[in-house]
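Visitor: I am new to this structure and would be grateful for a close look at a single part of it. Please choose one helix and explain how it sits within the whole.

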Amino acid sequence: MQITPAQEQIIFLTCHARAMHQWAHIENALSQVACAGVPGVGGEALAMGLHSIESFRSKLAFVDVALKQRISDIKLLELWEEIRARAEKASKRRNALAHRSMVLYTSAKPGKQYALVDWKQNHAPPTVDGSAPSGAMTIRELVECRHLFTPISRDLDNFAAKIEGRTGPWSPDAPLQTPTLEVVLQREMNQLRGIDPWCRVEQK
């Protein structure tokens, strides 16, 4: 579909913001996990300690130690390890979102003109067809990041509830499938035009 560079920039920045916002849900849910089942001052102290840590991997390690000191249920610990490993792996995507530079490739196809590239690629020439270098993150990859982060944040919410013997707020979901770039662009353009972005868009 045809979109202007200005429209693509808005879509790119919007998708980037949504992905980062979804990552914030992961960090907030991790705090809930750390404090789950710890009443009063103890829970507050854990939360303060966690929020004083800057590195996400260090936060994850902090929560890992805290949980293993007070949880003896093997199945619960196995579930935690599965979620922890997914969150640690996803943190690499978060770092790319936070630390890469946005570069414009004017000769690239619509939907791929704006890209996040790492510092090594920042001043590299575009590829033969004018697109971003391999490994760059364009609009579809930003949506993919959000779809990767969403089930992790929900599973952390549910895990915190499970620690406290409650039913989690989220039902189990199948992994989110990232639609084609054409569908992503159509939904975003619909939103820019004030149309319901979730109205049916046929994938070709």
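**Helix α4 in its setting**

Guide: From the N terminus on, the elements of the protein chain follow the order α-α-α-α-β-β-α-α, a total of six helices and two strands. The model is a predicted one. Taken along the principal axes, a box of roughly 55 × 40 × 25 Å holds the C-alpha atoms of the protein chain. The chain has 204 residues, of which 40% count as buried. Among contacts between residues at least 6 apart in sequence, 65% join residues at least 24 apart. The protein chain exposes about 11700 Å², and carbon and sulfur atoms supply 54% of that area.

The part chosen here is helix α4, which comprises residues 74–99. At its start, a side-chain oxygen of Asp 73 comes to within 2.9 Å of the backbone nitrogen of Lys 75. The length of α4 can be checked by simple reasoning. At 1.5 Å a residue, its 26 residues should span 38 Å; the C-alpha atoms at its ends are 37 Å apart, so the expected span and the model agree. The helix also has a bend of about 25°, located at Ser 91.

Ser 91 is itself one of the buried residues of α4. The others are Leu 76, Trp 80, Ile 83, Arg 84, Ala 87, Ala 90, Ala 96 and Leu 97. These buried residues pack against three other helices, namely α1 (5–35), α3 (56–70) and α5 (139–163), and against the strand β2 (114–117).

Two of the residues just named, Trp 80 and Leu 97, also have a prominent place in the largest nonpolar core. Of the 41 residues in that core, they are among those that touch the most other members, together with Val 33, Val 63, Ile 139 and Leu 156. At least two residues of this core come from each of α1, α3, α4, β2, α5 and α6 (181–192). The largest share, 10 residues, is supplied by α1.

Val 63 shows how α4 is joined to its surroundings. Leaving aside neighbours within four places in sequence, Val 63 is in contact with Trp 80 and also with Leu 30, Val 33, Ala 34 and Leu 50. Apart from the largest core lies another core, of seven residues, including Ala 108, Ala 115, Val 117 and Ala 136.

In summary, α4 is a helix with a bend at Ser 91, and its buried residues pack against α1, α3, β2 and α5.

Notes: Residues numbered from 1 in each chain as written. Predicted model: local features only at pLDDT ≥ 70, side-chain atom pairs only at ≥ 80, totals over all residues. Heavy atoms only, no water. Helix = DSSP H or I, 4+ residues; strand = E, 2+ residues; numbered from the N terminus. Expected span 1.5 Å × (residues − 1). Bend = angle between axes of the 7 residues up to and from the residue. Buried < 20%, exposed > 50% of the residue type's maximum accessible area, 1.4 Å probe, protein only. Contact = heavy atoms within 4.5 Å. Polar contact = N/O pair within 3.5 Å; in protein donor to acceptor, adjacent residues only side chain to side chain. Areas by Shrake-Rupley, 256 points an atom, 1.4 Å probe, with all protein chains shown as cover. Core = buried A, V, L, I, M, F, W, Y, C linked by side-chain atoms within 4.5 Å.
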